[in-house]
Amino acid sequence: MGTDAQFSRNMQIGRLQKGKATFFNLDGDEIEKERVEIKWDAEAAEKSGFEHFMMKEIHEQPKAVEDTINSVVKDEGIEFSEIGLEDEDIRKISQIRIVACGSAYHVGVVAQYVIEDLADIPVRVEVASEFRYRKLIFDKNELVVIISQSGETADSLAALREAKRQGIRTLAIVNVVGSSIAREADNVFYTLAGPEIAVATTKAYSTQLIACYTLAIQFAKIKGTISEERYQSLIEELLSLPKKITKILKEKERIQWFSAKQINAKDVFFIGRGIDYAISLEGSLKMKEISYIHSEAYAAGELKHGTISLIEDGILVIGVLTQNDLYEKTVSNMVECKSRGAYLMGLATYGNYSVSAL
Ligand code: M6R
């Protein structure tokens, strides 16, 4: 069940009365507003028996991911016409610039690897708070993608406005319907995570990844950089994700057991290569934000260029090892850390236990 909403813009005044909202401009004239249906219900903003919102939202990931996939994956494949992105528009894209903050920026780092790898389109990822303070050189056929859960982050909104001011096409990946970024972008890809109450993002982050993967797969198809067979198999992979997430969530007790063992860690380093590095960035942010434990994320091969001097007894090093072709390389960096006294933890794909031998 949804709720009707009306949005107030800058320099407008709203008067709320029982069952009624009226809007005025600064001269006091009444403004007619369109009513928009918000599909979130009140129950979605309650804890529903979970100990806190973050735990509830972690468990909502399978549904959030499934809903987001289903919003664009149809029988014939991925469909962006509701977003307003036509095949013709996609063919024209010369390069992509992703601009976001925090976790949404980390999604952008993943997206860079995936879009470049699948669609052969050059991608640049930028921290929104830096974006507007330097000279920006755009290509006229560039696409600027703003990623934001709230759709209200000031730096991301400013970046969007700057890109639009320079006549560059913008696409927003946003969770909150009717938010400023959603209203102002040329095209909007809504993630269907529902309300995210916890400050630390979980389900919105996962759905942003889905949005970026669907863009990468569809761009690759339109640009002709993947075969039809590969296209279909990537979609199959996407569709299998909700069940895989559910399976991981069933391991909650085991994950909590692992965390409990490291409760006294003072410093944690996440290391990985490629997408595993992008995931490390988010893991490290969550560690700081939620556990108040100092943490850093490093591209595994970069650690030796100075920072390795901090690796000593009692430091926890978490190696993210989800890619077969990069597995051995990152393992060798982990071994180096162990020789300096670090305690190692490996994050590998399901059933891959070889890292436990380190
Ligand atoms: O609402 P936004 O996605 O624009 O917020 C950007 C960041 O503030 C946000 O991703 C933040 O890093 C996370 N909530 C941290 O968990």
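**Exercise 1. Work out how the residues of the shell around the ligand divide into nonpolar, polar and charged.**

Step 1. Sort by residue type: Ala, Val, Leu, Ile, Met, Phe, Trp, Tyr, Cys and Pro count as nonpolar, Asp, Glu, Lys and Arg as charged, and the others, Gly among them, as polar.

Step 2. In this predicted model, the shell holds 5 nonpolar, 7 polar and 2 charged residues.

A word on the ground rules: residues are numbered from 1 along each chain as its sequence is written. Local features need pLDDT of at least 70, side-chain atom pairs count only at pLDDT 80 or more, totals for chains, interfaces and linings use all residues, and side-chain values use heavy atoms, with hydrogens and water left out.

**Exercise 2. Find which domains give residues to the shell, and where the ligand lies.**

Step 1. Domain bounds come from an automatic or database domain assignment.

Step 2. Both domain 2 (50-249) and domain 3 (252-357) contribute shell residues, so the ligand lies between them.

**Exercise 3. Find the polar contacts of Ser148 and Lys286 with the ligand.**

Step 1. Look for pairs of N or O atoms within 3.5 Å.

Step 2. Ser148 places a polar side-chain atom 2.7 Å from a ligand oxygen atom; for a polar side-chain atom of Lys286, the distance to a ligand oxygen atom is 3.2 Å.

**Exercise 4. Explain why Cys101 and Cys212 form no bond.**

Step 1. A disulfide needs two cysteine sulfur atoms within 2.5 Å.

Step 2. The sulfur of Cys101 has its closest cysteine sulfur in Cys212, 15 Å away, which is too far for a bond.

Step 3. The structure accordingly holds 0 disulfides.

Methods. Polar contact = N/O pair within 3.5 Å; in protein donor to acceptor, adjacent residues only side chain to side chain.
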